[in-house]
Amino acid sequence: MTLTSLPVASLSDTALLTAAYRALESDRPDALFQDPYAQILAGERGQTLVQAMPGGTTGASGCAVRTAVMDELILQIIAAGKVDTLLNLGAGLDTRPYRLPLSATLSWSDCDEPAILNYKVKKLAAIQPRCLLESIALDVTDAVSRQRFFRAVGLVAKQALVLTEGLLIYLTPEQVAALATDLYAQSPFEWWLTDLASPHALRYFQNSINGAADSSQATLQFAPAAGTEFFEPYGWRAVESRSLLEEGQHLHREILPPSLLAQLQTPEDWETWRQMSSFVLLKRY
């Protein structure tokens, strides 16, 4: 598998970049969502990263669509079922516990590196979350710590939704398989919402950032050729999948430059790009 790197110094910078993109979307007159805390979290470093990225602010569209679609699916799952617990693995600088219309009794765990969590808690200290929010220092690649935490949550949760937005692509297939196995081991973990890249997406990302700075970078790795079928041996089956490209068109956000869209002349070309990145809701079976 081809490995790709982003011109950022660490996963913490990736979180700052994402917050900056959310701030840009929130400032639009036709914003897909309002995140009043994104700019607070992004700071000057986040704005610098946006300008350093190939294409500058153009990457904001994909982030905006991902945020909007996942907002919708999270609220849809919570409203339709008896979800009382949400685990946000690799939470980064996500502000959903502060800005979504959530039940005050919903238990939400933001899990990430201590430095990221401490930064977010400090910046948003004056903001009251809308649910029962807990910050959990957790390295999701540490099997022992991960399993211990999952078991503890499984003892008290009735039905849980797991969120891995922007996380899996940084893991190896073996690490994702192990994570899927450990999630399935806890029977209350009913739903799993994630984004998923295709091998074609990784090749595209690699070409788009060719020549970017190359130091201490966060590598992109997970993009299974089998798509959502990758998860089935581990007890998870896709019940909904939405294409980033199609959702972008529906929400009037250009994911690909017009010059590239014009080159999609055949159904095969379109299908390749349609599958480039997707938002997938998995359910245990």
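Which backbone oxygen lies 2.9 Å from a polar atom of the side chain of Thr181? The backbone oxygen of Ala177 is the partner at that distance, a polar contact being a pair of N or O atoms within 3.5 Å in which, within protein, one must be able to donate a hydrogen and the other to accept it, with residues adjacent in sequence counting only if both atoms are side-chain atoms. The model is predicted, so local features need pLDDT of at least 70 and side-chain atom pairs count only at pLDDT 80 or more, while totals for chains, interfaces and linings use all residues. Residues are numbered from 1 along each chain as its sequence is written, and side-chain values use heavy atoms, with hydrogens and water left out.

Thr181 itself sits in helix H7, residues 173-184; helices (H or I, at least four residues) and strands (E, at least two) are DSSP runs numbered from the N terminus. Its relative accessible area of 39% makes Thr181 partly exposed, on a scale where buried means under 20%, exposed over 50% and partly exposed in between (1.4 Å probe, protein chains only). Thr181 and Asp13 are 168 residues apart along the chain, and their C-alpha atoms are separated by 29 Å. Gln249, in helix H9, is also partly exposed, at 44%. Its C-alpha atom is 9.6 Å from that of Val65, with the two positions 184 residues apart in sequence.

We turn next to the charged pairs. Side chains of opposite charge can pair when their charged atoms come close. Across the whole structure, 20 salt bridges are found, each one a side-chain nitrogen of Lys or Arg within 4 Å of a carboxyl oxygen of Asp or Glu. One of them joins Asp30 to Arg253, with the closest N and O atoms 3.4 Å apart. This pair links distant parts of the chain, 223 residues apart: Asp30 belongs to the loop between helix H1 (11-26) and helix H2 (38-52), and Arg253 to the loop between helix H9 (244-250) and helix H10 (258-261). Asp30 is partly exposed at 38%, whereas Arg253 is buried at 3%. The loop between H9 and H10 also holds His252, an exposed residue with a relative accessible area of 66%. Phi of His252 is near 60°, a positive value in a residue other than glycine.

Arg242 takes part in two of the salt bridges described here, one with Glu72 at 3.0 Å, N to O, and one with Glu240 at 2.9 Å. The bridge to Glu72 connects strand E8 with helix H3 (residues 60-80), spanning 170 residues. Arg242 is buried, with a relative accessible area of 13%, while Glu72 is partly exposed at 40% and Glu240 is partly exposed at 22%. Elsewhere, salt bridges that share partners join Arg22, Asp35, Arg66, Asp71, Asp94, Arg96, Arg99, Glu165 and Asp195 into one network.

Two members of that network, Arg22 and Asp35, recur in the surroundings of Thr95. Thr95 is placed in the loop between strand E2 (85-89) and helix H4 (96-99) and is buried, at 0% relative accessible area. Its side chain meets that of Asp35 in a polar contact of 2.8 Å. Not counting residues up to four places away in sequence, Thr95 touches Arg22, Asp35, Tyr37, Leu41 and Leu124, where contact means heavy atoms within 4.5 Å.

Asp112, in strand E3 (residues 107-112), offers a contrasting case: the residue is buried yet has no salt bridge. The nearest side chain of opposite charge, that of Lys120, is 7.1 Å away; here Lys and Arg count as positive and Asp and Glu as negative, with His and the chain ends not counted. The side chain of Asp112 instead reaches the backbone nitrogen of Gly92 at 2.7 Å. Leaving aside neighbours within four places in sequence, Asp112 is in contact with Gly90, Ala91, Gly92, Leu117, Ile136, Ala137 and Leu138.

Finally, the second largest pocket has a volume of about 310 Å³. A pocket is defined on a 1 Å grid over the protein atoms alone, as an open set of points where a 1.4 Å probe fits, with protein on both sides within 12 Å along at least five of seven lines; lining residues have an atom within 4 Å of a point. Grid points are joined across faces, edges and corners, and the volume is the space filled by probe spheres set on the points. The lining comprises 17 residues, of which Leu196, Gly227, Thr228, Gln275 and Ser278 lie nearest the centre. Strand E6 (189-197), strand E8 (236-243) and helix H11 (267-274) are the elements that give two or more residues to this lining, and E8 gives the most, with three.
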